[in-house]
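Hi,

Here is the model I promised to pass on. Have a look at it first, and my notes follow underneath.

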Amino acid sequence: MPAKRPKVAVFKFASCDGCQLSLLDAEDQLLAVAGAVEIANFPEASRRIVKGPYDIGLVEGSITTPHDVERIREIRKECRFLLTIGACATAGGIQALRNWKDVKEYTRLVYASPEYISTLDRSMPVGSYVHVDFELRGCPINKAQLLEVVNAALNKRKPTIPTHSVCMECKLRGTVCVLVAKQIPCLGPVTQAGCGALCPSYDRGCYGCFGPMENPNPPALSKRLVALGCDRRDVVLMYRGFNAYAEAFRKESDAHEK
Amino acid sequence: MYVVELNDLQGLFTALSQQGYTIIGPQVRNGALTFDRMTSVDELPRGWTDHQDGGMYSIARSGDDALFSYTVGPHSWKRFLFPARLRLFAARREGKGFAVDPPAATPAPPYAFIGVRACELAALDLQDRIFMSGQYADAHYTAIRSSAFIVAVNCGRGGGTCFCSSMGTGPKARDGFDLALTEIMDGERHAFLIETGSSRGKDARAAMQAREADPSEIARAAAVSRAAESTMGRALDTSGLAGILAENFEHQRWDDIAKRCLACANCTMVCPTCFCSTVEDVTDLTGDHAERWRRWDSCFTSDFTRVAGGNIRMSTRTRYRQWMMHKLSHWVEQFGSTGCVGCGRCITWCPVGIDITAEAAAIRGANVATTNG
Ligand code: SF4
Ligand code: SF4
Ligand code: SF4
Ligand code: SF4
């Protein structure tokens, strides 16, 4: 174990807290993490705040306001290794659906005094504003993957986070392909692994929670989805999930909306 | 050759169980015929058949009581011999270095595989060459493979994506089995012609109420294999193919395939001869304990070809080409035969139905056109 425990801080932007909770959810391993690192800032777990700089910063949530932009720039300066966690931080999240619309229209509809709302036009991933050292995908992230990245950073080794398709995870666990055997529309072939092929193992198609895989080919998959009976709108909606604004998914949904 | 009636087939299962074998055979699971543990004939998929085409698989009632009237499913035997994930060793920190705990001894108990098709016997033979020969023989594979009892079944129907006839691997099992069964259904009669391929097989046959086959039964079994031959869903012209592919390394068809291919790696995962793996190290948080795991990998992933200085196959075009050329061309130079046994799994389980036989034919076709014109 390192002589001086590395300081870890957790920061939150526009998000649901689900990814941070994955860390809390890793109960048995959390004690080991807490022993190995100094949790310097983790509002979900403790009110104690230790000032920066930090060795590892975990960032959850997307950047949606001018204040977020200032804050993430400050955080970047304070963190030696910046890790973004979850679909919000890595792709803009489900809230990026508003990127296709006029956000002012929404604020007028939702808030009694919209003039107090200061927001950016688009919900964007952290990486669009500052340099990110590692992106951990998922909605929510897989807690085992989170521990793996923290673990690898502590042991100064490369984290094992595959970027291939979800299909490989289906095959590793022996799951029968729902697309081939049941004609269920599935985004697994264009989605990055990480969940362990959870949905196909429960007879559902993949929703694309981990975003585009390493060299995705959504147009080829969409052809098959259409052959399975999806209409253009279905295809648009499939790609417009938690990772709607990730480039490969965004382009594909746009192509079917034209 | 011998014959056993359906009612006496359980004798084989009982004998294998008594000898300590873990019996694995096809069973209906989740809308497919996959491999699982079993102890009785009654667990076999009686009255089920399958329909297969590019990117399509379904099972249906066969309308009879046959135990084996389907072809190969999504699983192959490699998942037992060459598991998807395997811990190679564990290590503990000791002073400045590590002490390595040796891997567990031979995995017990031995397997008996029921319903191994001719194409799969050929695939086992190919994987044996990879894992059991030379300086780098795989101890885990060798241990499981050497103790496994193989009950082959001769296909009575070619599947929609099958092309074993073209590859010279089937549909009738020639060798590589302990026992080979051919299911004979004639009116009320439901029996199995038995061939033995080893002394273990002979002992197992003796455990059943088998009697010598008469010529009409032998003729009936031969007709079963002919029926499979004539219903084969796909064909691949292999003559000179290794050379044709090698000459067409820059063929435009590779670009065309790359537009359709998802690089999802399903084809390599389901292929019974694909043998590639990667090695992953895990540590605990303290770094005092480490483990090395092997898991299936594929020439379709980016990590597969990442080397110091970059990645030697960046595009889906080069990855598909590598896969198909290894199967049908390089393998011939490397091992003296193709790496494809014609089981059709890569066609059926490709989410977009890319068909190795059609792609090879397209490249050959263009080649023929060029040489003719
Ligand atoms: S179920 Fe989906 S993720 Fe799994 S192999 Fe099929 S297409 Fe791929
Ligand atoms: S390449 Fe395809 S047809 Fe040939 S052995 Fe592999 S899975 Fe079967
Ligand atoms: S390829 Fe031949 S041996 Fe294999 S399942 Fe099909 S018909 Fe049977
Ligand atoms: S050929 Fe089919 S199964 Fe293989 S990587 Fe391409 S899309 Fe996936």
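To start with a small one: does Val110(A) count as buried or exposed? Val110(A) counts as exposed, because its relative accessibility is 59% (exposed is over 50% relative accessible area, buried under 20%, partly exposed in between, with a 1.4 Å probe and protein chains only).

Some housekeeping before the rest. This is a predicted model, with local features needing pLDDT of at least 70 and side-chain atom pairs counting only at pLDDT 80 or more, while totals for chains, interfaces and linings use all residues. Residues are numbered from 1 along each chain as its sequence is written, chains are lettered from A and ligands numbered from 1 in the order in which they are written, and side-chain values use heavy atoms, with hydrogens and water left out.

Back to Val110(A), which sits in helix α5 (residues 103-110) of chain A; helices are DSSP runs of H or I with at least four residues, strands are runs of E with at least two, and both are numbered from the N terminus. Together with Tyr106(A), Leu109(A), Tyr111(A) and Ile117(A), Val110(A) makes a nonpolar surface patch with about 510 Å² of accessible area. A patch takes residues with over 30% relative accessible area and no salt bridge, joining nonpolar side chains (Val, Leu, Ile, Met, Phe, Trp, Tyr) within 5 Å and like charges within 9 Å. A salt bridge here is a side-chain nitrogen of Lys or Arg within 4 Å of a carboxyl oxygen of Asp or Glu, and the areas are Shrake-Rupley values with a 1.4 Å probe, where for residues only the protein chains shown count as cover.

Now the ligands. A residue is near one if any of its heavy atoms lies within 4 Å. Ligand 1 is surrounded by residues from chains A and B, so its site is shared between chains; Asn266(B) is one of the residues around it, as are Cys167(A), Cys170(A), Cys177(A) and Cys186(A). α7(A) gives the most to that shell, with 4 residues. By class, the shell has 9 nonpolar, 2 polar and 1 charged (Ala, Val, Leu, Ile, Met, Phe, Trp, Tyr, Cys and Pro are nonpolar, Asp, Glu, Lys and Arg charged, and the others, including Gly, polar).

Around ligand 2 you will find, among others, Cys271(B), Trp323(B), Lys327(B), Arg345(B) and Cys346(B). Two elements of chain B, α11 (316-335) and α12 (345-348), give two or more residues each to that shell. Cys346(B) counts as buried, because its relative accessibility is 10%. The residues around ligand 3 include Cys119(B), Cys155(B), Cys162(B), Cys164(B) and Cys343(B), and its shell divides into 8 nonpolar, 3 polar and 1 charged.

With that many cysteines I checked for disulfides (two cysteine sulfur atoms within 2.5 Å), and the whole structure has 0 over all chains. Why does Cys274(B) have no bond to Cys271(B)? Because the sulfur of Cys271(B), the closest cysteine sulfur, is 3.9 Å away, too far for a bond.

Last, some backbone details. Cis peptide bonds join Cys139(A) to Pro140(A), with omega near -5°, and Gly170(B) to Pro171(B), with omega about 5°. Ala197(A) has a positive phi of about 60° without being a glycine, and Ala197(A) is buried at 0% relative accessibility. Ala263(B), also not a glycine, has a positive phi of about 55° and is buried at 3%.

Cheers
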